[in-house]
Amino acid sequence: MSEKCIVINGGHELNGSVEVQGAKNAVLPLLAVAILTEDDVVIEDCPHISDIDNMAKMLEELGARVEREGTRIRVSGSVTRGCAETALYKSMRSSMFMLGALLSVTGEVDMPTPGGCDIGARPLDIHLDGLMRMGARTYCDGEILKCRAESLHGANIVMRYPSVGATENLLMCASLAEGETVLINCAREPEIVAIAGALKAMGARISGEGTSVMRIEGVKSLHGATLRPCGDRIVAGTVLSAAALCGGDVTVYGVGANDMRSVIQAFRSKYCRIDENGIGFRVRSEGRVQAKSAITAPFPLFPTDMQPQFLACQCFSDGISRVQETVFENRFAHASELAKLGANIAVQGNCATVVGGKLHAGVVRATDLRAGAGLCIACMKIDGESKVLNPRYIDRGYENFVGLFSSIGADIALSEL
Ligand code: UD1
């Protein structure tokens with residue numbers, strides 16, 4: 001079977017408007033929320049991306065009925081098992097977003113651990129600490145993490161770091177636990193606000209979402225509802241970064257500028273004007289990049305999921321910049337790919353130093369979802385034909401990436417290698 005790639009003839013300005021898809025990072029946990037009731041739950045605005053398709057398959061394996069009609073997914077019936085086929089679980093890290101909901105509903109979950117069996121260590125310690133405080137027992141059997149709970153009770157939980165996934169898991173468990181739970185130092189991302197809103201629409205009693213302290217008063221049961229994710233701020237930010245780099249005039253709808261504040265600030269420059277309105281923002285850029293630095297951190301600070309796109313833009317800047325990654329370790333695999341296009345980047349520990357300059361066309365390989373997006377953006381700027389290999393990574397988070405950027409003037413196509 002021949003390998004697919006994205007072929008980009010760079011050097012074109014971007015012009016027009018785009019409406020962003022529903023947020024992948026909201027739809028995935030909403031699918032977990034949907035199993036907290038036997039009633040029908042309808043999730044609107046679900047993009048066609050492989051992570052969501054896999055999560056839907058996983059729900060079916062666990063016993064729920066899942067029907068997709070266009071962008072709407074209906075989940076009905078009850079989940080009967082707390083463990084799915086290992087292959088599917090392993091294919092996506094997102095299976096851990098099912099942990100809290102599955103434990104609440106079935107009382108027992110078996111799940112392959114992403115990084116071996118060190119339960120106390122990263123990346124699940126915050127999830128497990130919270131679940132144990134609510135009455136769950138967790139232990140590891142070979143490479144399988146086992147969680148058991150006959151019942152869950154409310155607790156005061158201080159999270160050592162505002163983990164997005166752990167906040168979502170604990171929010172789901174706490175909604176059906178007995179008594180009150182207080183989550184302290186929880187994540188504040190817009191996706192958390194969307195999940196809390198969805199749970200409330202199903203009868204949960206939650207306050208404080210969007211702040212560092214959430215209170216949840218457990219209820220006996222939840223009921224069906226129609227749920228809607230927030231717009232995808234990372235897709236919006238990806239379009240913003242491409243427009244800032246390539247130049248042109250692009251309006252992005254579907255994400256409130258409040259959810260994009262740190263990203264807008266990072267890309268706004270003497271060459272790039274960004275105007276906010278109630279339902280989106282407009283980017284007008286000369287196609288030049290002012291050297292600026294950024295440090296990734298939990299919301300409302302600069303998102304790690306925008307770091308590769310930001311780094312890609314800085315490769316073309318008018319000076320020297322530093323990009324520091326504090327959320328994930330080793331998230332600079334795209335730096336050596338950008339270097340293949342002539343970028344001048346030195347990575348030391350969690351910090352990349354970039355000397356801006358001119359890049360040349362070439363062939364690069366996506367190493368993960370956002371790295372792939374960053375590489376494509378760089379290629380959209382470079383004159384001549386470049387190729388980005390491994391586009392399947394990009395399909396995990398962008399619905400029709402190629403169509404999205406062609407619609408605003410990029411010369412980009414999917415091809416066989
Ligand atoms: C979510 C997003 C992902 C985004 C990330 C940070 C989804 C589906 N994914 O991932 O796109 O990049 O938030 O904004 O929503 N950690 C621990 N122990 C834990 C949990 C996390 O040490 O128990 C560490 C992780 O290893 C990482 C950091 O905390 O270094 C942030 O992780 P977390 O906020 O949990 O990210 P995810 O929820 O996995």
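This is a short talk on the salt bridges and the ligand site of one predicted model.

Okay, ground rules. Since the model is predicted, local features need pLDDT of at least 70 and side-chain atom pairs count only at pLDDT 80 or more, while totals for chains, interfaces and linings use all residues. Residues are numbered from 1 along each chain as its sequence is written, and side-chain values use heavy atoms, with hydrogens and water left out.

Salt bridges, then. I'm counting a side-chain nitrogen of Lys or Arg within 4 Å of a carboxyl oxygen of Asp or Glu, and that gives 23 of them.

Take R365 and E3: their closest N and O atoms are 3.5 Å apart. That one links distant parts of the chain, with R365 in strand β21 and E3 in the segment before β1, 362 residues apart. Helices here are DSSP runs of H or I with at least four residues, strands are E runs of at least two, and both are numbered from the N terminus. For burial, under 20% relative accessible area is buried, over 50% is exposed, and in between is partly exposed (1.4 Å probe, protein chains only). R365 is partly exposed at 35%, and E3 is partly exposed too, at 32%.

Next, E108 and R148, at 3.7 Å from N to O. E108 sits in strand β6 and R148 in strand β8, so the pair ties together parts 40 residues apart in sequence. E108 is partly exposed at 44%, whereas R148 is buried at 15%.

And a local one: K340 and E337, 3.0 Å from N to O. Both are in helix α11, 3 residues apart, about one turn of the helix. K340 is partly exposed at 46%, but E337 is buried at 8%. Back on the strands, E108 and R148 also belong to a network with D110 and K146, joined by salt bridges that share partners.

Now the ligand. Which residues are closest to it? P123, D125, S163, D305 and V327, out of 20 surrounding residues, counted when a heavy atom lies within 4 Å. By type, the shell has 9 nonpolar, 5 polar and 6 charged residues.

Side-chain N or O atoms come up to ligand oxygens at 2.6 Å for S163, 2.8 Å for R160 and 3.0 Å for N25. The protein covers 90% of the 750 Å² of accessible area that the ligand has on its own, by the Shrake-Rupley method with a 1.4 Å probe. Helix-wise, α5 and α6 each give two or more residues to the shell, and α5 gives the most, with 3.

Note on methods:
A polar contact is a pair of N or O atoms within 3.5 Å; within protein, one must be able to donate a hydrogen and the other to accept it, and residues adjacent in sequence count only if both atoms are side-chain atoms. Ala, Val, Leu, Ile, Met, Phe, Trp, Tyr, Cys and Pro count as nonpolar, Asp, Glu, Lys and Arg as charged, and the others, Gly among them, as polar.
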